[in-house]
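Colleague: I have a few minutes before my next call, could you take me through this model? I would like to talk about burial and charge pairs.

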Amino acid sequence: MASHVFYGADQALLHHVDFGRLAEWAGNHVVGLLRGSGLRGGTVVDLGCGSGILARVVSEAGYDVFGVDVSPDMIDLAGKEAPLAEFRCGSVVDMPIPAAVAVTATGEVFNHAADRRSGYTVLRDLARRAEAALVPGGVLLFDLATTKGGGCDETRRQWHDNEDWTLHVVEQEDPDGQILDRRITIFRRVGPDSYRRTDERHILRLFETDSVVALLEAAGLRVDVMDGYPTDEETLPRSGWTVFQARKLPTAG
């Protein structure tokens, strides 16, 4: 077992194959936003790029993509998924943001405490750096696990089964509703009658929606809050999860 791993080989592959729709929806949405603003070229910076699904969608639409992720296994997948994009392994906290038409971060990137510095200070700094890097009319698009008005004593459990793997997720918020402890166990088939078990533990720092909006506006961005990425698929709003769409204001005159 490898509880210290963050998106190791088994979870990275499972996430890529069976849980990549959100990144695809976000990629299509950001392409629509950019084209609607007349931004038909330029660089999209994908923070926490995962296995490169959003990068593939955006690069195939004609944009340059620079992606960064803390998981080497995710970066390996991303290079194969989006060969037109450039990827680097590292923390989104430290990675410089080049001039861009969009900055994206899908899949609760800023919640994860894989980098212990995560929290409001990091998000505030990121918003300022993104605003400085974005062209006028450019967009910062990301999602967060958000607080629901206090902690929850209930332990939430989820099971997902596939022919070749089983995923078990256990989630518990702290009493103040500020931290989400997510424990993940994967059994992946590696032979006709054998499975490999992988354990990961992810600590997520939860954010208050109004506080996030305030810090984005303080960075000079115009903010819209959504309960999901637009898609033609039948979906239900997720409680305690929010999408933030923040634009850099056009230059006056």
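Modeller: What follows is a short exchange about one helix and several salt bridges, and please keep in mind that this is a predicted model.

Colleague: Okay, start with helix α3, residues 53-60: how many of the eight residues are buried?

Modeller: Seven of the eight residues of α3 are buried, so the helix is largely enclosed by the rest of the structure.

Colleague: Which ones are they, in α3?

Modeller: The buried residues of α3 are I53, L54, A55, R56, V57, V58 and S59.

Colleague: And what follows α3?

Modeller: α3 is followed by G62, a residue with a positive phi, near 105°.

Colleague: Switching to charges, how many salt bridges does the structure hold?

Modeller: There are 18 salt bridges in the structure, and one of them joins the side chains of R188 and D10, with an N to O distance of 2.8 Å. That pair links distant parts of the chain, since R188 sits in strand β8 (residues 179-191) and D10 in helix α1 (residues 9-18), 178 residues apart.

Colleague: Is D10 buried or exposed?

Modeller: D10 has a relative accessibility of 6% and therefore counts as buried, the cut-off being under 20%. Its partner R188, at 27% relative accessibility, counts as partly exposed.

Colleague: What about K248, which side chain does it meet in a salt bridge?

Modeller: The side chain of K248 meets that of E131, at 4.0 Å from N to O. Here too the pair links distant parts of the chain, with K248 in strand β11 (residues 241-248) and E131 in helix α5 (residues 120-133), 117 residues apart. K248 has a relative accessible area of 16%, so this lysine is buried.

Colleague: Back to strand β8, where does the salt-bridge partner of R189 lie?

Modeller: R189 in strand β8 is paired with D164, which lies in the loop between β6 (156-161) and β7 (165-173), 25 residues apart from R189. The salt bridge between the side chains of R189 and D164 has an N to O distance of 3.5 Å. As for accessibility, R189 is partly exposed with a relative accessible area of 30%, and D164 is also partly exposed, with 37%.

Colleague: Last one, which residues are linked in a network of salt bridges?

Modeller: A network of salt bridges links E108, R156, E171, E173 and R182. As general background, side chains of opposite charge can pair when their charged atoms come close.

How values were computed:
Residues are numbered from 1 along each chain as its sequence is written. This is a predicted model: local features need pLDDT of at least 70, side-chain atom pairs count only at pLDDT 80 or more; totals for chains, interfaces and linings use all residues. Side-chain values use heavy atoms; hydrogens and water are left out. Buried means under 20% relative accessible area, exposed over 50%, partly exposed in between (1.4 Å probe, protein chains only). Helices (H or I, at least four residues) and strands (E, at least two) are DSSP runs, numbered from the N terminus.
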